[in-house]
Each structure stands twice: as structure tokens, then as C-alpha cells.
Amino acid sequence: MIPFIESNDLVKGYGSIRALDHLTLSLGRGKSIGLVGPNGAGKTTFLSLLCGFIRPTSGNLRVMGHTAGSRALKGRIGTLPQDVPFMQGIPVFAQLTLFARLQGFAGKDARRESERVLQLLDCRELGRQFPETLSFGQRKKVTLAQALVGQPDLVLLDEPTSGLDPVAVNGVRAIIRKLRDGHSFIISSHNLEEIKDICEEIVVINKGKLVRHCAIDDLLEKNSYLTVLLDRPVEPSLLQTFEQMPAIIKVSPDRDKTNQLSIYFKSDNPDELQYEILDLLRKSGVVVNEFSRGTAFTDKVVELVS
């Protein structure tokens, strides 16, 4: 099967600077993928190459079986660059209709497509307004509508919720979740909780190189790591009891929080082991204030790029 997106030894240089440095990556269709990394990691460069806005210095990048930027991909990729402006003095609906016509829609079909994307984002009333009269959150909505014109197979979003208030953030995330079945998404964001919330896979890059590509759950280590916060400091006898359990690899009390435990384990049935641990704590007479499976997502990403 041909990968949905495939890069081999992809290099993009600007003089002596390599924005992408021999990036090799394969991504599947129908996924919502988070693209993360520090500033200058090469995220925007990779998105620009996918769109065909720029050309690689060397290496290969193929999208849906075609060389990135080829005419065969016209209308099949939608993109929302960070803070992209709409033209002032022209109603939103007219601009969306223009985008539709540029993708091959004619006359009434172009207008119907504009109506469709506005309806999809529940903002039909914004079509009559001029971009300069919209709030920041409203402009985000109509630019996301623009990225969805033509029902593209692949949608690229660069910081889709940056600068939005919490209510607007939740609205945009809900829209993306609703659309995941019909589109493949690549979402670049510094908001790691957002990536964890709306993405199935994560690609971590740093200094133009691939650091990690995996499922979100694999990165969280949900099936090998537990964090327990108790109502009192951990007693040595409790640690010894845990260490005697065959599935427990290591138990580490937190240096700063003496009532917090990190438990590393290996088990074919992590759910059953979780119940055993909770039952052991109950019989020991301690109260569990918090209990979570998996590592802290932000800490894990920071660890990878440090």
C-alpha cells in the first residue's frame, strides 16, 4: 500500500541553515496527527513543502502517491497558515466563493460550496460580513472554512487555536473532532494538551530531524506507568509490598511530593493490575487522592526534545 505521506531523506536548506535535515517519515491516511517541536524545529517548513509552496533542497516528498506540489494534488490539500489574513473590504462569502472557483467550482456550485463550509462551521451569518469587522475568533472560523473548501483529503492546520479564548478553543477543537472521519489532519501546535486532545498520532521533530513518531497512547506509556497521589507520605513497608508484586518493575517516591508514587510495571492485563494496586492501597489504610495511568504528556515531549 502506498503511504499517504512519505518523505525520504528530505532536506530543506536556507544558505548554511538546514530547516529540515534528512527527514524520513511515513504517515497513513485517515489520521489526525500532531506535529510538535520547539521554535525553529522545521514544522512550518514541512507544512510548506507538503503544500508545494516551497521546494526541497534534496530528497523526496510524496503526498497521496504524487510529488508534493504537483498539479495532481490541486484541490486535495487544504491549509490554514497561522494568522492568515482575508482581504479587507470584500465580504467573507465572496472570498470563499473565489477560493472555490480557484479549485474548479463554477458559478452556482462555487456559491453552494461556500455555503456548505460556513454551515459546517456553524457560522453562516459571518458570510455577509467584512473580515475587518470580525473578532479574532470569528476570523479563525472563516479561515478554517477556507481550508475546508472542496472537501480536501488532507488538511494542514498551523496553530489553529492560538490567541483564542477558552470557549472559542473548545469550539474549534470540537469542529476538528467532528471532521476527522472525512479528512486527514496534520496539526502543528505549541499547545501540547490540544495535541493530546484532538490527535491520534504525534510526530516530534527538532532541528529538522525526526525525534519520534508514534501513537499518542504509546508516548503516554499508559500500559506501563502509573502515578498515585496518597493522603500521607509513603511508608517504607508499603514500598516493599509493591516491590514484591511480580508485575511491578520499580516503585519511585517523588522527591518533592513525599505522598506521590511512580509505579513502573509490565503486565499483559494492565487494567487488572490497576485494580490490584488500588485494592492493596485500600487494605493498607491509605486514601488515594489522585490516580492516573501514563506519563505526563508535556513532560514526555519536553524530555524528547531536550
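A cavity here is a set of grid points where a 1.4 Å probe fits but cannot get out. The views below all come from a predicted model.

**View 1. The one cavity that turns up.** Searching the whole structure for cavities of 30 Å³ or more gives just one, and the volume of the largest cavity comes to about 30 Å³. Around the largest cavity sit Phe4, Ile5, Leu27, Gly28, Lys31, Ile33, Leu154, Ser184, Phe185 and Ile186. Strand S8 (residues 184–188) chips in the most, with three residues of that lining. By class, the lining of the largest cavity has seven nonpolar residues, two polar and one charged.

**View 2. The largest pocket.** This one holds about 560 Å³ of space. It has 22 lining residues, and Phe53, Gly75, Ile77, Thr79 and Gln103 are the closest to its centre. Strand S6 (77–80), helix H2 (92–102) and helix H4 (136–147) each put at least two residues into the lining of the largest pocket. Sort that lining by class and you get twelve nonpolar, eight polar and two charged residues.

**View 3. Where H2 meets H3.** H2 packs against helix H3 (residues 107–120) at about 120°, the two axes lying 8 Å apart. Angles of 65 to 115 degrees count as roughly perpendicular and those over 145 as roughly antiparallel, so H2 is oblique to H3. The crossing of H2 and H3 is right-handed. On the H2 side, the contact uses Phe93, Leu96, Thr97, Ala100 and Arg101; H3 answers with Ala110, Arg111, Glu113, Ser114, Glu115, Val117 and Leu118. The class split for the contact of H2 with H3 is six nonpolar, two polar and four charged residues.

Key:
Residues numbered from 1 in each chain as written. Predicted model: local features only at pLDDT ≥ 70, side-chain atom pairs only at ≥ 80, totals over all residues. Heavy atoms only, no water. 1 Å grid on protein atoms, 1.4 Å probe; cavity = no way out; pocket = protein on both sides within 12 Å on 5 of 7 lines; lining within 4 Å. Points joined across faces, edges and corners; volume = space filled by probe spheres on them. Helix = DSSP H or I, 4+ residues; strand = E, 2+ residues; numbered from the N terminus. Nonpolar A, V, L, I, M, F, W, Y, C, P; charged D, E, K, R; others polar. Axes fitted to C-alpha atoms, helices over the stretch in contact; angles between N-to-C directions. Parallel < 35°, antiparallel > 145°, perpendicular 65-115°, else oblique. Left-handed = near helix turned anticlockwise from the far one by under 90°. Contact = heavy atoms within 4.5 Å.
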